[in-house]
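Here are some short exercises to work through with the structure open beside you. Try each task before reading its solution.

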Amino acid sequence: LQCYLWVSPLLYDPGINSVATIRLNVYQLFLYIALRCLAYLASQENAAAAGAAAATQQQQQKHAVAASVYQALDQVLCSVYHAVARTARGAQQGPEEGSVTFLEVRWLGLYAFRRVFHRRRRRYPGLLN
């Protein structure tokens, strides 16, 4: 599960946007990534269903999927934070002067993923635990 991320500096520039707008843009980016991740998982599930695996193998695959999603989420969290921080440095403002912190980015990302996957909690039981 790999994630390629394109982040427009214009959306995270504290010289143009308020902190609330930057947070909203970060949250919407994570919602988009979570939806893409959900679509990817659904396509993988359809491919696995064509193979007619046993129930235990399907359960093991779901645990492996959960581990892959968590690993990808950690990578995305770091990538988004560094992109936002790089934009703030380019605007010559420090992290305390109108940018978002890593904890805020982490919370926004986890909240977006939880919100998207909460609706599918029966299909992916290991993701929300």
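**Exercise 1.** Find which helices the salt bridge between Asp-74 and Arg-106 ties together.

*Solution.* Start with the atoms: in this predicted model, the side chains of Asp-74 and Arg-106 meet in a salt bridge, with 4.0 Å from N to O. Next, place the partners: Asp-74 sits in helix α2 and Arg-106 in helix α3, so the bridge links parts 32 residues apart in sequence. Finally, look at the surroundings. Asp-74 has a relative accessibility of 41% and counts as partly exposed; Arg-106, at 34%, is partly exposed as well.

**Exercise 2.** Work out how many salt bridges the model holds, and locate the partner of Arg-23.

*Solution.* The count comes to two salt bridges. Arg-23 pairs with Glu-104, and their closest N and O atoms are 2.8 Å apart. Arg-23 belongs to helix α1 (residues 19–50) and Glu-104 to helix α3, so this pair connects parts that are 81 residues apart in sequence. For exposure, Arg-23 has a relative accessible area of 32%, which is partly exposed, and Glu-104 is also partly exposed, at 23%. As background, side chains of opposite charge can pair when their charged atoms come close.

**Exercise 3.** Describe the largest nonpolar core: which residues touch the most other members, and which element gives the largest share?

*Solution.* The core has 24 residues, and those touching the most other members are Val-26, Phe-30, Val-80, Val-84, Val-105, Phe-113 and Phe-117. Two or more residues come from each of α1, α2 and α3. Of these elements, α1 gives the largest share, 10 residues. Now zoom in on Val-84: leaving aside residues up to four places away in sequence, Val-84 touches Tyr-12, Ile-22, Val-26, Ser-99 and Val-100.

**Exercise 4.** Count the disulfides, then decide whether Cys-37 is buried or partly exposed.

*Solution.* The disulfide count is zero. The cut-off for buried is under 20% relative accessible area, so Cys-37, at 9%, counts as buried. Cys-78, by contrast, is partly exposed at 35%.

**Exercise 5.** Judge where the confidence is lowest and where it is highest.

*Solution.* Begin with the whole chain: the mean pLDDT is 75, and 67% of the residues reach 70 or more. Then go helix by helix. Confidence is lowest in helix α2 (residues 55–90), with a mean of 74, and highest in helix α3 (residues 102–118), with 89.

Definitions and conventions: Residues are numbered from 1 along each chain as its sequence is written. This is a predicted model: local features need pLDDT of at least 70, side-chain atom pairs count only at pLDDT 80 or more; totals for chains, interfaces and linings use all residues. Side-chain values use heavy atoms; hydrogens and water are left out. pLDDT is the predictor's confidence in each residue, from 0 to 100. Helices (H or I, at least four residues) and strands (E, at least two) are DSSP runs, numbered from the N terminus. Buried means under 20% relative accessible area, exposed over 50%, partly exposed in between (1.4 Å probe, protein chains only). A nonpolar core is a set of buried Ala, Val, Leu, Ile, Met, Phe, Trp, Tyr and Cys residues joined through side-chain atoms within 4.5 Å. Contact means heavy atoms within 4.5 Å. A disulfide is a pair of cysteine sulfur atoms within 2.5 Å.
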